[in-house]
Amino acid sequence: NHLNPRWLSEASNPVIWALVHGEASRAGIKITKIGVINSESPNALIVASLRGEPILLLTKGLMLRLSYREMRAVISYLIGTSMSGFLVAATMFAGILILSYRLTGRYIESRVGNPREQFVNKAMAAIGYIPFALTVSQYVTATRSASSFGDRYAVNQTRDPSAYIMALIKVANDTASQSERDNRTLFTPVKGLMFMDPTLAIRDYPVLLKAARSQGIRLEMIPGYSHETLESSGVEYHVFEWFWSQLGPLERFRGAIRAGKKIEYPLKIGLAWIE
């Protein structure tokens, strides 16, 4: 409800429906709902229902920007996080952070967009900081463990590390170019449950870009890749996003390369073969 998704049916989007339920079936789990968030930023997340069943949410931007292979890699990652054993705890902690966001939202929006800050917003933020401070360390512990499991699962299940890496680069690039949108406001309390933590994408995309180019990857040759606009330089993060719920994009990029070499799957990205 925090993200106000539009729920998909098989009739409304048979391709996504078949992809999600096909991957879930291979994993031996059942996805109870699939929703679309009205956001241009490409990302996705998975949460547990009150009965502990996984609910998968995709942003509109993700569905527009990623190829079928890349979507499969993202969905496999999310399914992997649900199989990690940490999803219920991570969702519970995210719920507490959402309650904190209800109190701090106006302060966060003033920090991100409108520089005019009112005293009442600061006072509400001070109250909202209490549940945030009591919860965030447990949230990070749960989401980091779930994310690391999801990374490994996505590469091993799809046996397509190239698609996973392309999804990682494209999501990081588009997130970094939209640093003033939902990525730093609405998504803040749930970012640990997302395919990519937006704060980490904004912070680390320049080093990910450098690492990709050092591997000989021609980013302009990745289908759907948009020219990078590094708006992340000089970003001043507000206190409620100053936590790291996943490994950084660079560590995940390198981990996917190592995993791809381990399973002896050819890594071809942007006309570059990674040996």
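Helices here are DSSP runs of H or I with at least four residues, numbered from the N terminus. By that count N121 is found in helix α5. All views show a predicted model.

**View 1. The whole chain combines 8 helices and 6 strands.** Read along the sequence, the elements follow the order β-α-β-β-β-α-α-α-α-α-α-α-β-β. The chain has 275 residues, and 56% of them are buried. Its accessible surface is about 12,500 Å². Carbon and sulfur atoms account for 55% of that surface. Among contacts with a separation of 6 or more, 76% join residues 24 or more positions apart.

**View 2. The largest nonpolar core holds 79 residues.** L45, Y164, F195 and F253 have the most contacts inside this core. Helix α4, residues 87–112, gives the most to the core, with 10 residues. In soluble globular proteins, nonpolar side chains tend to be buried together.

**View 3. L45 is one of the residues with the most contacts inside the largest nonpolar core.** Which residues does L45 contact, leaving aside its neighbours within four places in sequence? L45 is in contact with L3, I37, I55, L56, L57 and L78. V190, L193 and M194 complete the list.

**View 4. Helix α8 spans residues 249–262.** The helix has 14 residues. From its first C-alpha to its last, α8 reaches 20 Å, close to the 20 Å expected at 1.5 Å a residue. Its buried residues are P249, L250, R252, F253, A256, I257, A259 and G260. F253 is also one of the residues with the most contacts inside the largest nonpolar core.

**View 5. P54 is found in strand β4.** The strand covers residues 54–59. Is P54 buried or exposed? P54 counts as buried because its relative accessible area is 10%, and the cut-off for buried is under 20%. Leaving out residues up to four places away in sequence, P54 touches I29, K30, I31, T32 and K33. P54 also touches I46, V47, S82 and L87. P54 and I29 are 25 residues apart in sequence. Their C-alpha atoms are 8.6 Å apart in space.

**View 6. Helix α5 carries a surface patch and a buried asparagine.** Helix α5 covers residues 119–158. V120, M124 and I127 form a nonpolar patch on the surface. Together the three have about 240 Å² of accessible area. I127 is found in α5 and is partly exposed, at 47% relative accessibility. N121 is also found in α5, but N121 is buried, with a relative accessible area of 13%. N121 touches R106 and Y107, not counting residues up to four places away in sequence.

**View 7. E23 and R26 form a salt bridge within helix α1.** The closest N and O atoms of the pair are 2.6 Å apart. How many residues separate E23 and R26? They are 3 residues apart in α1 (residues 14–27), so about one helical turn separates them. E23 is buried, at 1% relative accessibility. R26 is exposed, with a relative accessible area of 53%.

**View 8. R69 and D160 form a salt bridge, with their closest N and O atoms 2.8 Å apart.** The pair links distant parts of the chain, 91 residues apart. R69 sits in helix α3, residues 68–82. D160 sits in the loop between α5 and α6. R69 is partly exposed, at 42% relative accessibility, whereas D160 is buried, at 10%.

**View 9. D204 and R203 form a salt bridge.** Their closest N and O atoms are 2.6 Å apart. D204 is buried, at 11% relative accessibility. R203 is partly exposed, with a relative accessible area of 35%. Elsewhere, salt bridges that share partners join E23, R26 and R72 into one network. The salt-bridge count comes to 11.

**View 10. N4 and R159 have positive phi angles, though neither is a glycine.** N4 has a phi of about 50°. N4 lies in the segment before β1, residues 6–7. At 61% relative accessibility, N4 is exposed. R159 has a phi of about 50°. R159 lies in the loop between α5 and α6, the latter being residues 161–176. R159 is partly exposed, with a relative accessible area of 41%.

Note on methods: Residues numbered from 1 in each chain as written. Predicted model: local features only at pLDDT ≥ 70, side-chain atom pairs only at ≥ 80, totals over all residues. Heavy atoms only, no water. Patch = residues over 30% accessible without salt bridge, like charges linked within 9 Å, V, L, I, M, F, W, Y side chains within 5 Å. Areas by Shrake-Rupley, 256 points an atom, 1.4 Å probe, with all protein chains shown as cover. Salt bridge = Lys/Arg side-chain N within 4 Å of Asp/Glu carboxyl O. Helix = DSSP H or I, 4+ residues; strand = E, 2+ residues; numbered from the N terminus. Buried < 20%, exposed > 50% of the residue type's maximum accessible area, 1.4 Å probe, protein only. Core = buried A, V, L, I, M, F, W, Y, C linked by side-chain atoms within 4.5 Å. Contact = heavy atoms within 4.5 Å. Expected span 1.5 Å × (residues − 1).
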